[in-house]
Structures are given as structure tokens and as C-alpha cells.
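Me: I should like to go through this model one point at a time. Please give the reasoning before each result.

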Amino acid sequence: ETYFQRLAETSPFYDDALLMLSLIEWKNKNYVTSLGFLELMEKRKIDDGLRNQVALLKARIQFSQGDYQSALVSYRKLKSQFYQWPEAMMEAAWAQVQMKDYEKAAGSMYSLHQDYFKKVYFPESYFVRSLAYFSLCQFGDALQVVENFEKRYTAIQKSMDKYVATDKNVKNLRNKTIEFLQTKSNNS
């Protein structure tokens, strides 16, 4: 933390240091200070990757503070090409649930259930969507979402249970998971 604070504005690592300082303050629940670093970054000329990270962290801080409307505004600043965009959509839907805007929450999760996202692993998106439908008294739709969840994830869960049962060594499981994630496959 001390090192980050010492970096000059002219340093090529200055923006990264501001982000790290913001993260440190966020983890320490110093939300106002954390937001101050992020707002400083927003005024600077930073690349899209860093700008997305700033928007995501800002949204998470605002969510933590119960400022769901501001969090939604920040989540919407993320570019869809950002690797954490599906996760951010999920978090935005939770903000919508907190605001009792169940229609938008269901709609956001509906988007994650399209073929374009079929390789994205977000089982909790089904929970949010079914919760939203249930809250709207759309019980048939809620049940359909649960059935779709079971269709999509039951086989995956059985495979995971079978694999874990064959090798109880956590290190092996970790290494196999990393190996799997690094393997490019159209079948995963």
C-alpha cells in the first residue's frame, strides 16, 4: 500500500496503483476513500480494460452501500467484450431484485440463457430468474426455469461428483481444473 501511494502520476503504473489502492480500501470497507480513487481514475485517460475494472469495482461498492440505482448505472458502463461482463450482468440482476424490479431482473437473466452464452457457467442465473418470476406470480415460468436448470446442470453435477469421488486429492483436482480451463474445446 505504501509503495502504491509513492508512485508519481507520471509513472506508467500509476493507474494500476490507484486501482490497487481502491481495492485495498474496499476490502477494508472504506467505501468513500475507495470511490475517491475510482473517481480520480475516471477523470484520467485509461484503456478500456482498466475502465471496465473501474466500473465493476464502483458498481460493487455502490451495491455494498445499498445504492442499487447507482450500481446499475455503473454496471451498464461495462463493455460486453469485458471478460467479467456475464458476472456483472448477474450482479446487476441482484441489484434489480433488491429494488424489486423483478421484470428487469428476469430479463437480464433471460439474456444469459441464450445460445450465445451456452458455454458460460452461471447456474445461479437460473435462481435469480426463477426468483424474479416467482415474485411476479408467474409460477409456470418459474417452474420452467427450474426445469431448464435441471436439464442443463444435472449432468454436469453428476460428472463433478463422480470425478471428485475418484480423486480426493485437492491438489490433483486443482491441477486438473486448471488444465481443463486451459484446453480449448468446442465440446466444453
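Me: Is K104 buried, partly exposed or exposed?
Reply: This is a predicted model, and the values are computed from it. The relative accessible area of K104 is 48%. Buried requires under 20% and exposed over 50%, with partly exposed in between. K104 therefore counts as partly exposed.

Me: With which residue does the side chain of K104 meet in a salt bridge?
Reply: The salt bridge has an N to O distance of 3.9 Å, and a salt bridge is counted within 4 Å. The partner has a relative accessible area of 24% and is therefore partly exposed. The residue that meets K104 is D101.

Me: Which residues are joined into one network by salt bridges that share partners?
Reply: The search of the whole structure finds 6 salt bridges. Some salt bridges share partners, and these form one network. The residues joined in this way are E42, K58 and K77.

Me: Which residue of helix α6 forms a salt bridge with R60 at 2.8 Å?
Reply: R60 belongs to helix α4, residues 48-64. Its partner in helix α6 is 27 residues apart from it, and the pair links distant parts of the chain. That partner has 29% relative accessibility and therefore counts as partly exposed. The residue is E87.

Me: How far apart are the closest N and O atoms of E91 and R60?
Reply: E91 lies in helix α6 and R60 in helix α4, so this pair ties together parts that are 31 residues apart in sequence. Both E91 and R60 are buried. The closest N and O atoms of their salt bridge are apart by 2.7 Å.

Me: What is the pattern of the chain, read along the sequence?
Reply: The chain contains 10 helices and 0 strands. Its C-alpha trace spans about 55 × 45 × 30 Å along the principal axes. Read along the sequence, the pattern is α-α-α-α-α-α-α-α-α-α.

Me: What share of the 188 residues counts as buried?
Reply: A residue is buried at under 20% relative accessible area. The chain as a whole exposes about 12,400 Å², of which carbon and sulfur atoms supply 54%. Of the 188 residues, the share that counts as buried is 35%.

Me: Which helix gives the most to the largest nonpolar core?
Reply: This core has 17 residues, and M109 and V128 have the most contacts inside it. Helices α6 (85-98), α7, α8 and α9 (139-166) each supply at least two of its residues. With 5 residues, the helix that gives the most is α7.

Me: Which residues are in contact with V128, leaving aside its neighbours within four places in sequence?
Reply: V128 is one of the residues with the most contacts inside the largest nonpolar core. In soluble globular proteins, nonpolar side chains tend to be buried together. The residues in contact with V128 are M90, A93, W94, V97 and M109.

Me: How many residues are in the other core?
Reply: This core lies apart from the largest one. Among its residues are Y31, I46, L50 and L57. The number of residues in this core is 15.

Me: Which residue has its backbone nitrogen reached by the side chain of Q96?
Reply: Q96 is located in helix α6, and its 5% relative accessibility is why it counts as buried. Beyond residues up to four places away in sequence, Q96 touches L72, R76, D101, K104, A105 and S108. At 3.4 Å, its side chain reaches the backbone nitrogen of A105.

Me: What is the phi value of K100?
Reply: K100 sits in the loop between α6 and α7. Its relative accessibility is 60%, so K100 counts as exposed. Although K100 is not a glycine, its phi is positive, at about 60°.

Me: Where is K29?
Reply: K29 has a positive phi near 65° and is a residue other than glycine. At 61% relative accessibility it counts as exposed, because exposed means over 50%. K29 is in the loop between α2 (14-27) and α3 (31-43).

Me: Which residues form a nonpolar patch on the surface with about 280 Å² of accessible area together?
Reply: One member lies in the loop between α7 (102-112) and α8 (124-135), namely Y121. Y121 has 47% relative accessibility and so counts as partly exposed. The patch is formed by Y121, I156 and M160.

Definitions and conventions. Residues numbered from 1 in each chain as written. Predicted model: local features only at pLDDT ≥ 70, side-chain atom pairs only at ≥ 80, totals over all residues. Heavy atoms only, no water. Patch = residues over 30% accessible without salt bridge, like charges linked within 9 Å, V, L, I, M, F, W, Y side chains within 5 Å. Areas by Shrake-Rupley, 256 points an atom, 1.4 Å probe, with all protein chains shown as cover. Helix = DSSP H or I, 4+ residues; strand = E, 2+ residues; numbered from the N terminus. Buried < 20%, exposed > 50% of the residue type's maximum accessible area, 1.4 Å probe, protein only. Core = buried A, V, L, I, M, F, W, Y, C linked by side-chain atoms within 4.5 Å. Contact = heavy atoms within 4.5 Å. Polar contact = N/O pair within 3.5 Å; in protein donor to acceptor, adjacent residues only side chain to side chain.
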